[in-house]
Amino acid sequence: MFLEKYKNNKRLGKGAYGDVYLVEDEKGTEYALKLISVKMIEAEPHLREYLDGEIECMRSMNSPYIIKLYDV
């Protein structure tokens, strides 16, 4: 679970597929963390394929104008 790696500071928002939290790592660096329910992924089979594509796309991008993916 993300709480093992990050300290949860507060929820920033809620979207169609999950919630976004402001979290902090052990060094004090802040990140936005998108938390998606496993139950939702299991209930909507197309969602896993969509997420895999989104993750692969974000891993391949390197631009100061696009949010960087740090961890999955």
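## Close-up views of a predicted model

**Figure 1. Y6, Y31 and Y70 form one aromatic cluster.** The model shown here and in the following views is predicted. A search through the whole structure returns 2 aromatic pairs. In the pair made by Y6 and Y31, the ring centres are 5.9 Å apart and the planes stand at 70°, so this pair is edge-to-face, given that an angle over 60 degrees is classed in that way. Because Y6 belongs to the segment before β1 while Y31 belongs to strand β3, the pair ties together parts of the chain that are 25 residues apart in sequence. In the pair made by Y31 and Y70, the ring centres are 5.2 Å apart and the planes stand at 65°, so this pair is edge-to-face as well. Here the connection runs from strand β3, which holds Y31, to the segment after α2, which holds Y70, so that parts 39 residues apart in sequence are tied together.

**Figure 2. Solvent accessibility of Y6, Y31 and Y70, with K68 placed over the ring of Y70.** Y6 has a relative accessibility of 13% and therefore counts as buried, the cut-off for that class being under 20%. Y31, with a relative accessible area of 21%, is partly exposed. Y70, at 57% relative accessibility, counts as exposed, because the value is over 50%. The charged end of K68 sits over the ring of Y70, at 5.7 Å from the centre of that ring.

**Figure 3. Strands β1 and β2 run antiparallel and are joined by a hairpin.** Strand β1 comprises residues 7-14 and strand β2 comprises residues 19-24, and 6 bridges join the two. The hairpin leads from β1 to β2 through 4 residues. For K7, the bridge partner in β2 is E24.

**Figure 4. The largest pocket of the model, with a volume of about 1,000 Å³.** The lining of this pocket is made up of 24 residues, of which L33, K34, L69, D71 and V72 are the closest to the pocket centre. Three elements give two or more residues to the lining, namely β3 (30-35), α1 (38-43) and α2 (45-60). Of these, α2 gives the most to the lining, with 6 residues. When the lining residues are sorted by class, 18 are nonpolar and 6 are charged, whereas no polar residue is found among them.

**Figure 5. N62, in the segment after α2, viewed together with E24.** At a relative accessibility of 73%, N62 counts as exposed. N62 and E24 are 38 residues apart in sequence, and the distance between them in space is 22 Å, taken from C-alpha to C-alpha. E24 is also the residue in β2 that serves as the bridge partner of K7.

**Figure 6. Order of the elements along the protein chain, given as context for the close-up views.** The protein chain contains 2 helices and 3 strands, and from the N terminus onwards these elements follow the order β-β-β-α-α. Along its principal axes, the C-alpha trace of the protein chain spans about 35 × 30 × 20 Å. The protein chain has 72 residues, and 17% of these count as buried.

Definitions and conventions. Residues numbered from 1 in each chain as written. Predicted model: local features only at pLDDT ≥ 70, side-chain atom pairs only at ≥ 80, totals over all residues. Heavy atoms only, no water. 1 Å grid on protein atoms, 1.4 Å probe; cavity = no way out; pocket = protein on both sides within 12 Å on 5 of 7 lines; lining within 4 Å. Points joined across faces, edges and corners; volume = space filled by probe spheres on them. Nonpolar A, V, L, I, M, F, W, Y, C, P; charged D, E, K, R; others polar. Pairing = 2+ DSSP bridges. Phe/Tyr/Trp six-rings, centres within 6.5 Å; stacked < 30°, edge-to-face > 60°. Buried < 20%, exposed > 50% of the residue type's maximum accessible area, 1.4 Å probe, protein only. Lys NZ or Arg CZ within 6 Å of the ring centre and 35° of its normal.
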